[in-house]
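Q: Please take a close look at one loop in this structure, and then follow its connections outward to the ligands and the strands. I would like one connected account rather than a list.

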Amino acid sequence: MPFENPAPENGGRDGGRDGAGENEAGTPRARNGARAAHPPGGDILPLRLEGVCYAPEGRTLVGELTLELRDGGPTVVLGANGAGKSLTLRLCHGLLEPTAGTVRWMGPDAARARWAQAMVFQRPVLLRRSVLANVVYGLALRGVSRRERPALAMEALRATGLEAMAGRQARVLSAGEAQRLSLARAWALRPRVLFLDEPTANLDPAASRAVEEIIAAIGAAGTKIVMTTHDLGQARRLAHEVLFMHRGRVLERSPAPQFFQQPNNEAARAFLKGELLW
Amino acid sequence: MEESVHAFREAAWLLFSGDADLWEIVWLTLRVSLTAVALAALVGLPLAGVLALYRFPGRRAVVVGLNALMGLPPVVAGLVVYLALSRSGPLGGLGLLFTPTAMVVAQFVLVTPIVTALARQVLEDLWREYGEQLRSLGASPGRAIFTLLWDGRHAVATAVLAGFGRASAEVGAVLIVGGNIAHVTRVMTTAIALETSKGNLTLALALGLILIALSVGVNGLAFLLRDLTETRNAV
Ligand SMILES: Nc1ncnc2c1ncn2[C@@H]1O[C@H](COP(=O)(O)OP(=O)(O)OP(=O)(O)O)[C@@H](O)[C@H]1O
Ligand SMILES: [Mg+2]
């Protein structure tokens, strides 16, 4: 149960350096075998958005949103550029305060929600350190003991095909490599909910396919995936349900097969045909 | 003309002859300025981090105030510390006036705004880039500031070096609170001022050469660090 109990009071304050000792002394975690099966801890779902608006300076960019994200297969958010997908993910992840309405985790472990989620941003932000150190840093913040960090980090790098670059400066990676590292860092945390903002936007076809498979595996192992993508083929392959956004609003929410066969919404139909402009 | 050539030759000789008085002055200068800068960094860098991360009422005033204090004339800093430490001042009981400690305090007052203001700029830019990611990973503010300082260490070190350059080169503050007492509070800049006025150009020139070397060294180091930052940040 890697993250059942990520020492939330601790994980942040002294995160890696001091918190480590405590973990080492504490519960010996049956990590290795369990990790392959990848059972994420912390029951924080569902996530409920009620009347959520994001309207800085009076301009409504997102809203109003009222919806609930439940456990289950991947939720894929689709929509044109500027539809508000990235903002919606940020609102859900708690990085943005809605200007109206509430975002609430409803599960029993809601108090630990911060430690049970991770996000991969549309533009990867990498720290000025080595590839490996970037992943280790995330683990340190979650209170994973110092001894365990390198192995877990390498495992995540291996999964994303970055293991040969572990020692390289993260800032010199190519855009696609940076995106994979960003995913590796998030995945190493074994989040209960993983937000992915166009995780394959910069990837070549093969890498894109590989990352897609990783995402599918993460989802299958029990992590709730909430992602955006402009790759409709990928959306078809991954999505369990689709949220279709247009100009800050969710116009349609349907099970994936239904959405791709016959969207209810006019705008969604145009979008799928590649005819919808902003 | 001949006189100054002669003075130069004498000064060079003084530098290489291991003159005890001269090196005593150099040593005190380094001790005072390095201590002042170390304390300024200890206070200024966390403060810079707080200013970079938090938005609070009055923050703008603090930032403007710090920027204004960067140009504080050393004599004014000296005067303020003098008033505080003089016998009738609030800290007069400590008996610190005309000691190296008083000089450290004066330079600390002078340099802290410089270190803080320059570092704040660095950390704020870095936070703009890192902020969401660090918050997403669950970094506490303290941890985030530490991360910013570490990842921005080359640029932050440049800010600290700027503080050291300012401290080691100023005359006014140390003169007022130190008094330029031989073997006690005489540092390079005050010695140069005094020896020049006495017509003893040899010692003044020798010290001047050391100051120039120090300044070149510090700037070279800052330049190197900047280079390092740029290659590291190459995307
Ligand atoms: N901080 C902000 N301040 C003002 N406007 C913003 C801000 N962030 C985003 N916007 C605007 O809000 C709209 C939605 O942005 P968002 O990034 O969510 O779009 P998106 O659906 O993710 O688009 P894309 O597919 O291009 O990534 C855009 O028009 C954008 O310009
Ligand atoms: Mg986006």
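A: In this predicted model, the backbone nitrogen of Asp231(A) lies 2.9 Å from a polar atom of the side chain of Thr229(A). The residue that supplies this side chain, Thr229(A), sits in the loop that leads from strand E7 (224-228) to helix H9 (232-238) of chain A. A second polar contact of the Thr229(A) side chain, at 2.8 Å, is made with the side chain of Gln234(A). With a relative accessible area of 4%, Thr229(A) is buried, because the limit for that label is under 20%. When neighbours within four places in sequence are left aside, the residues in contact with Thr229(A) are Val76(A), Val77(A), Leu78(A), Glu198(A), Gln234(A) and Ala235(A).

Two of the names in this neighbourhood lead on to ligand 1. Glu198(A), one of the contacts of Thr229(A), places a polar side-chain atom 3.4 Å from an oxygen atom of ligand 1. For His230(A), the corresponding distance from a polar side-chain atom to an oxygen atom of ligand 1 is 2.8 Å. His230(A) is also listed among the closest of the 13 residues that surround this ligand, together with Asn81(A), Gly82(A), Lys85(A) and Ser86(A). In the case of Ser86(A), an N or O atom of the side chain lies 2.7 Å from an oxygen atom of ligand 1.

Ser86(A) also provides the link to the metal. The protein donors of the magnesium ion, which is ligand 2, are the OG atom of Ser86(A) and the OE1 atom of Gln122(A), at 1.9 to 2.2 Å from the ion. Ser86(A) belongs to helix H4 (residues 85-93) of chain A, whereas Gln122(A) belongs to the loop between strand E5 (117-120) and helix H5 (131-141) of that chain, so the pair ties together parts that are 36 residues apart in sequence. As for accessibility, Ser86(A) is buried, with a relative accessible area of 16%, while Gln122(A) counts as partly exposed at 34% relative accessibility. Water is not among the atoms considered, so a site of this kind may look incomplete.

The loop that holds Gln122(A) follows strand E5(A), and this strand is covered on both of its faces. Gln117(A) and Met119(A) on one side, and Ala118(A) and Val120(A) on the other, are all buried. The arrangement can be read against a general pattern, in which the side chains of a regular strand alternate between the two faces of the sheet. Four bridges join E5(A) to strand E6 (residues 193-197) of chain A, and the two run parallel. Within this pairing, Met119(A) stands opposite Phe195(A) in E6(A).

A separate element of chain A completes the picture, namely an open sheet of three strands in the order E2-E1-E4, with antiparallel pairing. Its edges are strand E2 (62-69) and strand E4 (100-105), each with a single partner strand, so one side of each is left without a neighbour in the sheet. On average, and with direction ignored, neighbouring strands of this sheet are turned by 10° against each other. Five bridges support the antiparallel pairing of strand E1 (residues 47-54) with E2(A), and Arg48(A) stands opposite Glu68(A) in E2(A).

Conventions: Residues numbered from 1 in each chain as written. Chains lettered and ligands numbered in written order. Predicted model: local features only at pLDDT ≥ 70, side-chain atom pairs only at ≥ 80, totals over all residues. Heavy atoms only, no water. Donors = N, O, S within 2.8 Å, 3.2 Å for Na, K, Ca; no water. Buried < 20%, exposed > 50% of the residue type's maximum accessible area, 1.4 Å probe, protein only. Pairing = 2+ DSSP bridges. Axes fitted to C-alpha atoms, helices over the stretch in contact; angles between N-to-C directions. Polar contact = N/O pair within 3.5 Å; in protein donor to acceptor, adjacent residues only side chain to side chain. Contact = heavy atoms within 4.5 Å. Near = heavy atom within 4 Å.
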